[in-house]
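Visitor: I'd love a short tour of the charged side-chain pairs here. Could you take me through them?

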Amino acid sequence: MRDRLREPHPSRLPPDHPRRREIIAAHDRALAADEAGYLDPQTGLFVLTAAFLTRRGTCCGRGCRHCPYADDDA
């Protein structure tokens, strides 16, 4: 089972994504700083962290990259 706070569901960030390491590093820095999110290294868009999304309590259904509620069987 994946660590929902550190490892995005493969349907949200595929293991072969060309900038995966950079994205995970940006997410990890935001988690360590207890920030709500980070700027995506590829698009420049603001991406919410798994910790922020966990505090929300439920999935919003918008396909967030770090959604901790994404189904592991999907």
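Guide: Happy to! For burial, buried means under 20% relative accessible area, exposed means over 50%, and partly exposed lies in between. Do keep in mind that this is a predicted model.

Visitor: How many salt bridges does the count come to?
Guide: A pair counts when a side-chain nitrogen of Lys or Arg is within 4 Å of a carboxyl oxygen of Asp or Glu. By this rule, the total is 5.

Visitor: Is Glu7 buried, partly exposed or exposed?
Guide: Glu7 shares a salt bridge with Arg20, at 2.0 Å from N to O. The two belong to distant parts of the chain, with Glu7 in the segment before helix H1 (20–32) and Arg20 in helix H1, 13 residues apart. Arg20 has 14% relative accessibility and is therefore buried. Glu7 has 32%, so the class for Glu7 is partly exposed.

Visitor: Which residue does Arg19 meet in a salt bridge?
Guide: Arg19 is partly exposed, its relative accessible area being 28%. The partner is partly exposed too, at 37% for Glu22. Their N to O distance is 2.9 Å, and the residue that Arg19 meets is Glu22.

Visitor: How many residues apart in sequence are Asp34 and Arg55?
Guide: These two form a salt bridge, with the closest N and O atoms 3.7 Å apart. Asp34 sits in the loop between H1 and strand E1 (37–39), while Arg55 is in helix H2 (residues 50–56), so the pair ties together parts separated in sequence by 21 residues.

Visitor: What is the relative accessible area of Arg55?
Guide: Its partner Asp34 is exposed, at 56%. Arg55 is also exposed, because its value lies over the 50% cut-off. For Arg55 that value is 53%.

Definitions and conventions: Residues are numbered from 1 along each chain as its sequence is written. This is a predicted model: local features need pLDDT of at least 70, side-chain atom pairs count only at pLDDT 80 or more; totals for chains, interfaces and linings use all residues. Side-chain values use heavy atoms; hydrogens and water are left out. Helices (H or I, at least four residues) and strands (E, at least two) are DSSP runs, numbered from the N terminus. Buried means under 20% relative accessible area, exposed over 50%, partly exposed in between (1.4 Å probe, protein chains only).
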